[in-house]
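Hello,

Here is the structure I promised to pass on to you. Please have a look at it first, and then read on for what turned up in it.

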Amino acid sequence: MRIPVRKQIMWWGIAAFVLALTLWLLGQAVLPFILGAGIAYLLDPVADRLERAGLSRTLAVVGITAAVILAFVTVMLLVVPILLRQATALIQTAPEMLEQARGFLDARFPDLIPQGAGLQQTLTDLQAAIGEQAGSLASTVLGSVTGALGSIALLVIVPVVAFYLLLDWDHMVEAVDRYLPREHAPTIRQLASEIDDALSGFLRGQAVVIAILGTWYAFGLMLVGLPFGFFIGIMAAVLSFIPYVGVLIGGATAVGVALFSFWGDPVWIGAVMAIFAIGQIVEGNYLQPKIVGGHVGLHPVWLLLALSVFGALFGFVGLVLAVPMAAALGVLARFLIARYRESSLFTGQLAPDEPSQPILVEMVPTGTVADRLRAARLAADRARSQQQITAMQEDLSRRDADK
């Protein structure tokens, strides 16, 4: 007997609620496992390609793991210290930059900031607050980052989880496929394929775009001699996964630092602007269309909403899950919209009732049934006659034996 659709939706809704509640309750405890699963998911195509090249799955996974660990150690030893040092220096220099900007506005545009409106005092208080809290803020941020990167959970559990999941990824996918509800298995496979296309296209493509933009911004700003240029370039590239956010924040910061450092030398200020302009042109006209592509379907507003909602609900774990959940919800939303457009709610017409089971009627020539009945009666008469003859023969045989 078929289970009603409403009952199926109810049970699957309960399962989704339990999963969300579990993530919310466990919080940071599941973060290493989520990160490990994400790394395995991103590296699985590389392992499959190495397998097709002739390596065994174990050798492919070992080689990938060694390369990733080497790259991580290199970044931690060479890149992260520079980023932390420049971030601290930028925070400490921010009050002086604000003071210079306020003095420039007072000298050039005295009526821009009304003296009696309280805005002048607000800027002064903001400058003082930044100056007082710069040291403590920098130490807090650095301490948090150092603590997170130095924790056993992230440095030990994540690589181990990623290694074993990557080793058995194909088997796990096959096992999950075997446990799909049979009635809805084709639809679930189709949705999973669309989610995989959207998510993998966004993450892998955006990672390449961030690497290219980070290299361009960081080394370009360093070549023009911009203070904190390496940190500003990397920050702008990382934030570029949300279109226009990276170039706006990074560009505004870079131009502000350039005005503070190169005041009176407009050539270098123009060079900083040109670096970001070229990066934006290349990203919009080549990198995004060629590498990420237009099939991803993650709108910037949808991505910002997902980051805000999941970050508020699940904290840092929510931020990690925001992009995959945004891709999944986007695919599900498009699927439900397509079903809605096919339903009577959209068309305004009731769907036709399901046809009842047809009655099978066999068409035979006239007289066929009567002939079969007559043949059956004749066969039954012959059988009775044969039984009578057999009984008579047995009786005669008994009489002869008695004589």
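Which residues does the UniProt annotation "transmembrane region" cover? According to that unreviewed entry, the annotation covers residues 12–39, 59–84, 141–167, 207–234, 241–261 and 267–284. Please keep in mind that what you have is a predicted model.

Two of those spans make a nice pair to look at. Residues 59–84 are 100% helix and 0% strand, and the C-alpha atoms at the two ends are 36 Å apart. Residues 207–234 are 82% helix, again with 0% strand, and here the end C-alpha atoms lie 13 Å apart.

Within residues 207–234 you will also come across Phe228, which sits in the loop between helix 7 (185–223) and helix 8 (229–238). Its phi is positive, about 60 degrees, although Phe228 is not a glycine. As background, most residues other than glycine have a negative phi. Is Phe228 buried or exposed? Its relative accessibility is 14%, so Phe228 counts as buried.

**Salt bridges**

Searching the whole structure gives six salt bridges. Arg57 is a good place to start. It pairs with Asp48 at 2.7 Å, N to O, and with Glu51, where the closest N and O atoms are 2.9 Å apart. Arg57 also meets Asp170 in a salt bridge, at 3.5 Å from N to O. That last pair links distant parts of the chain: Arg57 belongs to helix 3 (residues 57–108) and Asp170 to helix 6 (residues 169–178), with the two positions 113 residues apart.

How do these side chains differ in accessibility? Arg57 has 11% relative accessibility and therefore counts as buried. Glu51, at 29%, counts as partly exposed, and Asp170, at 30%, counts as partly exposed too. Taken together, Asp44, Asp48, Glu51, Arg57 and Asp170 are linked in a network of salt bridges.

**A nonpolar patch on the surface**

Next, have a look at the outside. Ile69, Phe72, Val73, Leu77, Leu78, Leu155, Val156, Val160 and Tyr164 form a nonpolar surface patch, and together they have about 840 Å² of accessible area. The elements giving two or more residues to this patch are helix 3 and helix 5 (152–167). Helix 3 has the largest share, with five residues. One member you could pick out is Leu155, in helix 5; its relative accessible area is 39%, so Leu155 is partly exposed.

**Nonpolar cores**

Inside, the largest nonpolar core holds 22 residues, and those that touch the most other members are Tyr217, Leu221, Leu226, Ile232, Val257, Val272 and Phe276. At least two residues of this core come from each of helix 3, helix 7, helix 8, helix 9 (245–261) and helix 10 (266–292). Helix 10 gives the most, with five residues. Apart from this core lies another, of 21 residues, among them Tyr41, Ile242, Ala322 and Ala326.

Which residues does Val272 touch? Not counting residues up to four places away in sequence, Val272 touches Leu221, Val224, Leu226, Ala254, Val255, Ala258 and Phe262.

**Two more residues to look at**

Glu283 lies in helix 10. Its relative accessible area is 8%, which is under the 20% cut-off, so Glu283 is buried. Setting aside residues up to four places away in sequence, the contacts of Glu283 are Val209, Leu213, Ser240, Gln288 and Pro289.

Leu239 has its place in the loop between helix 8 and helix 9. With a relative accessible area of 26%, Leu239 is partly exposed. Leaving out neighbours within four places in sequence, Leu239 is in contact with Val245, Gly246 and Ile249. The C-alpha atoms of Leu239 and Gly250, eleven residues apart along the chain, are separated by 8.2 Å.

Happy browsing, and best wishes!

Methods
Residues are numbered from 1 along each chain as its sequence is written. This is a predicted model: local features need pLDDT of at least 70, side-chain atom pairs count only at pLDDT 80 or more; totals for chains, interfaces and linings use all residues. Side-chain values use heavy atoms; hydrogens and water are left out. UniProt positions are given in the numbering used here, feature names are shortened, and annotations may be inferred rather than shown by experiment. Helices (H or I, at least four residues) and strands (E, at least two) are DSSP runs, numbered from the N terminus. A salt bridge is a side-chain nitrogen of Lys or Arg within 4 Å of a carboxyl oxygen of Asp or Glu. Buried means under 20% relative accessible area, exposed over 50%, partly exposed in between (1.4 Å probe, protein chains only). Patches are made of residues with over 30% relative accessible area and no salt bridge: like charges are joined within 9 Å, nonpolar side chains (Val, Leu, Ile, Met, Phe, Trp, Tyr) within 5 Å. Accessible areas come from the Shrake-Rupley method with a 1.4 Å probe; for residues, only the protein chains shown count as cover. A nonpolar core is a set of buried Ala, Val, Leu, Ile, Met, Phe, Trp, Tyr and Cys residues joined through side-chain atoms within 4.5 Å. Contact means heavy atoms within 4.5 Å.
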